[in-house]
Amino acid sequence: MGSQNIQLDQTGKLKHFLSIDGLSRDLITTILDHAETFTSVSERSSKKVPILRGKTVINLFFESSTRTRTTFELAAKRLSADVMNINLESSATKKGESLSDTLKTLEAMQADMFVVRHQDSGAAEFIARQVAQNISVINAGDGSHSHPTQAMLDMFTIRKHKKTFEQLRVAIVGDIAHSRVARSEIHALQILGVPEIRVVGPKTLIPTAIEKLGVRTFNSLERGIDKADVIIMLRLQQERMRSALLPSGREFFNTFGLTKEKLRLAKSDVIVMHPGPINRGVEIDSKVADSPASVILQQVTHGIAVRMAVMSLTMGASVT
Ligand code: CP
């Protein structure tokens with residue numbers, strides 16, 4: 001996709017963070033290594049470093065978010081940046097102002113970074129192409145296209161538990177069709193050398209051409225998670241489904257919900273992940289979500305360090 005051309009500056013350094021697709025293994029590893037450094041900052045009693053002191057970060061969320069918005073805000077604050085959250089429910093876009101004019105207004109306030117979540121695929125790249133040269137744009141999730149910082153925090157979590165990627169069997173389960181997380185994960189896992197990536201779900205929720213991305217598809221949960229090292233469960237994105245693709249949440253749970261019994265088919269040291277928000281009793285049973293195999297809350301914690309890494313690297317700030 002075209003975004004890799006504008007993600008990097010002329011010297012190959014990260015300028016915007018819009019998509020995993022097209023990033024090098026070295027760059028992804030650099031982000032993970034920087035995040036490791038920031039993990040130790042977050043564990044101190046004083047959690048701040050002056051890396052982005054004097055910089056202004058604007059959180060521009062056109063779609064609801066709990067985890068991503070708050071962890072971006074915490075990450076920016078821990079880097080000592082000034083952070084503004086724009087309430088788009090009461091912003092001028094609701095009064096008919098165009099996105100371009102809203103961006104120009106925020107640029108006039110000398111913003112240094114926009115963190116963007118938008119319901120339309122391609123919105124973050126559109127904004128990155130519009131803004132002034134000095135501004136970095138980070139994609140916090142655009143439509144069903146991409147959620148690159150979620151993929152990075154998931155790679156960070158997998159590396160913490162499994163150390164390397166080269167021997168892993170990873171199953172991504174559920175609503176693949178509408179998931180920006182699944183797309184970003186598949187790219188990241190491939191770049192990092194995971195030999196077997198499986199996508200698991202009903203035919204109606206798996207895009208027909210997904211095998212072209214180098215994954216194996218399974219329409220049976222039992223076969224799809226057999227001997228898996230990592231299981232990534234996804235939420236059913238009912239808000240993005242244009243027609244009824246499923247009989248009911250209960251029926252989905254009976255077939256594709258992850259229960260303790262089904263989890264036994266995976267490896268004994270399997271980790272279970274979920275980007276959240278989780279729907280207990282729809283895609284995952286509480287006994288799995290709250291079990292020792294679940295690393296769902298660790299993913300949230302890791303999101304802060306990973307976002308600190310992405311923010312500092314796109315701003316060209318050194319991390320030592
Ligand atoms: N994982 C994720 O993007 O969650 P939020 O929608 O709460 O940000």
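Which helix gives the largest share of the lining of the second largest pocket? In this predicted model, that part is played by helix 12, with seven residues. Helix 12 spans 296-314, and it is joined in the lining by helix 3 and by helix 6 (148-162), each of these helices supplying at least two residues.

The second largest pocket has a volume of about 280 Å³ and a lining of 22 residues. Nearest its centre lie Arg-67, His-274, Ile-296, Leu-297 and Val-300. Sorted by class, the lining comprises nine nonpolar, nine polar and four charged residues. Both domains take part here: domain 1 (4-146 + 302-314) and domain 2 (148-300) each contribute at least three residues to this lining.

We turn now to the largest pocket. Its volume is about 330 Å³, and 20 residues line it. Three arginines, Arg-117, Arg-180 and Arg-235, are among the residues that lie nearest the centre of the largest pocket, together with Gly-276 and Pro-277. Helix 3 (67-78) and helix 7 (180-191) are the elements that provide two or more residues to this lining. Its make-up by class is four nonpolar, nine polar and seven charged residues.

Where does the largest pocket lie with respect to domain 1 and domain 2? Residues of domain 1 (4-146 + 302-314) and of domain 2 (148-300) both enter its lining, so the largest pocket lies between them.

Terms used:
Residues are numbered from 1 along each chain as its sequence is written. This is a predicted model: local features need pLDDT of at least 70, side-chain atom pairs count only at pLDDT 80 or more; totals for chains, interfaces and linings use all residues. Side-chain values use heavy atoms; hydrogens and water are left out. On a 1 Å grid over the protein atoms alone, a cavity is a set of points where a 1.4 Å probe fits but cannot get out, and a pocket is an open set with protein on both sides within 12 Å along at least five of seven lines; lining residues have an atom within 4 Å of a point. Grid points are joined across faces, edges and corners, and a volume is the space filled by probe spheres set on the points. Helices (H or I, at least four residues) and strands (E, at least two) are DSSP runs, numbered from the N terminus. Ala, Val, Leu, Ile, Met, Phe, Trp, Tyr, Cys and Pro count as nonpolar, Asp, Glu, Lys and Arg as charged, and the others, Gly among them, as polar. Domain bounds come from an automatic or database domain assignment.
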